[in-house]
Amino acid sequence: MLPLTLVAAAVIFLGILWWMKQDTKDGGFKAIPGPIGLPLFGNVLQVGNKMHLKFADWAVKYGDIYQIYLGNRRSIVISDPKMMKEIFTVEPAFSGRAFFEGFEMYPNEPLGIVSTEGELWEVHRRFLLRQLRDFGFGKSTMEQLILDEVKETIDLLKSSSAKPISNIKEIFQVSVINSLWTIVANERFNHDDPRLLSMMADSARLTDELMNRAVMFFVPWTRHFLPPLAGFEEVRDRNRRFYETAVDAHKATYQEGTTRDFIDVYLAEIEANKDNPASLFHDRRQAEKQLHAILADLFFAGTDTTSNTLAWAVLYLAKNQDAQKKMQKEISSVTGDSRLVTVSDRSNMPYTNGVMDETMRKSSIVASGVQHRAMAGKQFREYFIPTDTWIFPNLYFIHHNPKIWGDPANFRPERFLTPDEKTYKKNDNLLPFQVGRRQCVGESLARDSFFLFLTNIFQRFSISLDPNVPEPSNEPQVGFVLSPESYSIILKDRNTVK
Ligand code: HEM
């Protein structure tokens, strides 16, 4: 009995300390407002499954910067675009990354780019950016590889023309995986390849499990009390083997001086540094583990994001036939509908740029951004941000704030055009790739892929909603990204480019 009473007293005491700590000003700096949470759990239970909506409610109540606790992790949420640019750009200490213990590819080793910090992150981020910028493996440019995949997708869609299609999201998923995996590993999959289907099923399962157990993510100690994620380790190991197999196959056929893809470029870097102990590529075993983790990052960060952006664009344009016709008219006037659309056409297509931006604004698929970690305690404006604070950009709120956009619920590409609708006008409040030191490294690839798939598909087809099923809503399904609910569409072949 006595130990139980002691435990209860200790919990109450810690709870009171916790409560007091949440309300404390830090060393004379201005206190950051925010909701009071529960001992040990903080605000995690209030956040629930629709984090972006709760974050938006709190922004209305507490303003441009507020503080919450996710478990015992102090977090701040930034809801103003200017403040967001400043916090992610000016102070290097705010460009760390949270590391989710228990979910890593190699136990207790943060590897790759998305979840690393310091020199390992800097060197590999720079390396990846350079490869993506100077892309050109073998005889192909990145654009050619994406266009090859666009043509495959159009052929596939042609066979379903005039019949309802209810799996466009999955079709885009495979197409985007293929264009990325060709760049990375010089390999594409058939839409029914068992390896691909198993990867997709694994990742869907993990996402569902993790979203339903967000508390395990943010309050890691609950892992020891909750039942383990069903089959998590098995899925993680299968995933890792997929990347190891790709790298091993490349090692077996690697020829010095010939680079077929990103894996070869990375292997060449290891080779070039074999006599340079100061390099992070020197230790072959460790560098190969790092390569596996980067491949996983690219797969994870680059596929569902791009394919869901495309799925949202098709849904919005199927619902907004006027916008679809305007975009098709622009595509026809630039290409004469006698050739495929290429990246160089983009600067001549203001309306299409508006459609792309409006899709990214309205869907805001990475709704609460990817949080940073304060690697040291630093002043930010009149506040103090202690070490280890997580920093969230409230992207969904920023992209739907009526004070910025006026009518955020409407799909209106014209908001990104000058009043005469002839010129595209960038809006600095649109930040789907975040901003600053960790800004998405795949941004140009994502924009090119989005543009090439979108324009070439609409050049070839007109798309409308299937009249025989209820109209799909704009409500997202919440996962790692916000994706549209499954919907059914009908494609009509415009018989343009053959
Ligand atoms: C529409 C598509 C995409 C969106 C909306 C998107 C969005 C984002 C966001 C919001 C971040 C967080 C940036 C930060 O922490 O400050 C990010 C990071 C990242 N993205 Fe993307 N992304 C997209 C496509 C891609 C693609 C195609 C790739 C790769 C080929 C990619 C690779 C990465 C990587 C590696 C990071 C981590 C960067 C770092 O931590 O330094 N993303 N992305």
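**Aromatic rings and their neighbours**

In this predicted model, 22 aromatic pairs are counted. One of them joins Trp58 and Tyr66, whose rings meet edge-to-face, with 6.1 Å from centre to centre and 70° between the planes. Both partners are tucked away from the surface: Trp58 is buried, and Tyr66 is buried as well. These two residues also belong to a wider group, since Phe55, Trp58, Tyr62, Tyr66, Trp390 and Phe392 together make up one aromatic cluster.

A second pair is worth a look for its angle. The ring centres of Tyr266 and Phe281 are 5.1 Å apart, and their planes stand at 55°, so this pair is tilted. To follow the label, it helps to recall that planes under 30 degrees apart count as stacked and those over 60 as edge-to-face, with the rest called tilted. The pair links distant parts of the chain, 15 residues apart: Tyr266 lies in helix α11 (residues 262-272), whereas Phe281 lies in the loop between α11 and α12 (284-319). As for exposure, Tyr266 has a relative accessible area of 0% and is therefore buried. Phe281, with a relative accessible area of 4%, is buried too.

Rings can also have charged groups as neighbours, and two cases are described here. The charged end of Lys289 is placed over the ring of Tyr106, at 5.0 Å from the ring's centre. In the other case, Arg361 is found over the face of Trp405, with 5.6 Å to the ring centre.

Key: Residues are numbered from 1 along each chain as its sequence is written. This is a predicted model: local features need pLDDT of at least 70, side-chain atom pairs count only at pLDDT 80 or more; totals for chains, interfaces and linings use all residues. Side-chain values use heavy atoms; hydrogens and water are left out. Rings of Phe, Tyr and Trp (its six-membered ring) pair if their centres lie within 6.5 Å; planes under 30 degrees apart count as stacked, over 60 as edge-to-face and the rest as tilted. Buried means under 20% relative accessible area, exposed over 50%, partly exposed in between (1.4 Å probe, protein chains only). Helices (H or I, at least four residues) and strands (E, at least two) are DSSP runs, numbered from the N terminus. A charge sits over a ring if NZ of Lys or CZ of Arg is within 6 Å of the ring centre and within 35 degrees of the ring normal.
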